[in-house]
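The following exercises ask the reader to work from the coordinates to a short description, one step at a time. Each task is followed by its solution.

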Amino acid sequence: MSTINQSGTFTLGNRTVKRLGYGAMQLAGPGVFGPPRDRDAALAVLREAVAFGVNHIDTSDFYGPHVTNRLIREALAPYPDDLVIVTKIGARRGEDGSWLPAFSPEALTQAVHDNLRNLGLDVLEVVNLRIMFSVHGPAEGSIEAPLTVVAELQRRGLVRHIGLSNVTPAQVAEGRRICEIVCVQNQYNLAHRTDDALIDDLARDAIAYVPFFPLGGFNPLQSSTLSDVAARLGATPMRVALAWLLRRAPNILLIPGTSSVAHLQENLAAAELDLPEDALVALDGIAASADCA
Ligand SMILES: NC(=O)c1ccc[n+]([C@@H]2O[C@H](COP(=O)([O-])OP(=O)(O)OC[C@H]3O[C@@H](n4cnc5c(N)ncnc54)[C@H](OP(=O)(O)O)[C@@H]3O)[C@@H](O)[C@H]2O)c1
């Protein structure tokens, strides 16, 4: 049995999840487009994640598109009672695999129905509205129109809780005036710390912060400081990077992505890694230095 219980728990919406979860995006084909190279391996990763105790899985119907949701359903349905599947809407894929905004009321409503059907659920536990105002990251602009549509889908009983993704602090504040926001999913890791203040603000209000690219994304983090700390602790750099995130704030929920059972095991082992004070100081310095690729 794995030790992921040591990661602790957090209340997401009205469900308790372990702070170490799993992100399913890496299970689709190259470029998150099309089917996986090895379908059986993808199904095995999902089953192992749950067997190791994961009860929070992040996905979207635009991974593939439809691929990861269908894999999740095939691997895991009927779902364990404690499993919380979080999905996101607001984008669609072009014929060439491009990522396109999909914010019209019709597109958002269709996306909720697609997620329900492909996951085999009657209600989506948490839906993140993924903002797509810029390809380079969060960009200012009102989110009222699309968020009001998602709030209406919540009133209709298709969505239980709402989150936001790829948003600025001003958009989080605007969103919270429109409906209850239970989580924010933005890019954040040892080397990319734009959201430091936002994380602390959300922690004060018991709102989850779920970093995407916790390991650096498609090009995993490389830093000599991270490697040195990992060597000193007898751990791998990825495990240390996740352990640092768990220590960073109590409202951080991890969804590292992998297509490999071996990497999954390594990542979940972050829960039991204790980071001594001098390691924390060294890791905290990475973002400010140029020591990261
Ligand atoms: N809201 C958004 O806009 C958004 C955007 C991106 C992602 N997400 C979500 O966030 C989740 C996490 O992000 P991510 O999967 O893109 O990036 P990530 O977790 O930072 O890193 C995934 C990459 O790291 C590799 N990796 C994982 N574990 C490893 C290990 N122990 N050792 C070495 N390499 C390892 C993976 O390759 P292998 O497959 O070979 O392990 C993959 O290339 C996604 O799965 C998705 O659910 C959300």
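**Exercise 1.** Is N14 buried or exposed, and what is its relative accessible area?

*Solution.* The model is a predicted one, in which local features need pLDDT of at least 70 and side-chain atom pairs count only at pLDDT 80 or more, while totals for chains, interfaces and linings use all residues. Residues are numbered from 1 along each chain as its sequence is written, and side-chain values use heavy atoms, with hydrogens and water left out.

Step 1: the relative accessible area of N14 is 54%, so this residue is exposed, where buried means under 20%, exposed over 50%, and partly exposed in between, with a 1.4 Å probe and protein chains only.

Step 2: N14 sits in the loop between β1 (9-12) and β2 (15-18); strands here are DSSP runs of E with at least two residues, helices are runs of H or I with at least four, and both are numbered from the N terminus.

**Exercise 2.** Determine which residues N14 is in contact with, leaving aside neighbours within four places in sequence.

*Solution.* Step 1: with contact taken as heavy atoms within 4.5 Å, N14 is in contact with E125 and H161.

Step 2: the side chains of N14 and H161 also make a polar contact of 3.3 Å, that is, a pair of N or O atoms within 3.5 Å, of which, within protein, one must be able to donate a hydrogen and the other to accept it, residues adjacent in sequence counting only if both atoms are side-chain atoms.

**Exercise 3.** Describe the surroundings of K88, starting from its relative accessible area.

*Solution.* Step 1: K88 belongs to strand β5 (residues 84-89), and because its relative accessible area is 3%, K88 is buried.

Step 2: not counting residues up to four places away in sequence, K88 touches a set of residues including D58, F62, Y63, N128, R130 and Q185.

Step 3: with D58, K88 shares a side-chain polar contact of 2.8 Å.

**Exercise 4.** Place these two sites within the chain as a whole.

*Solution.* Step 1: the secondary structure of the chain comprises 10 helices and 11 strands. The radius of gyration is 18 Å, close to the 19 Å of the globule rule for 293 residues, so the chain is as compact as a globular protein of that length; the radius is taken over C-alpha atoms, and the rule is 2.2 Å times the number of residues to the power 0.38.

Step 2: buried residues account for 55% of the 293 residues.
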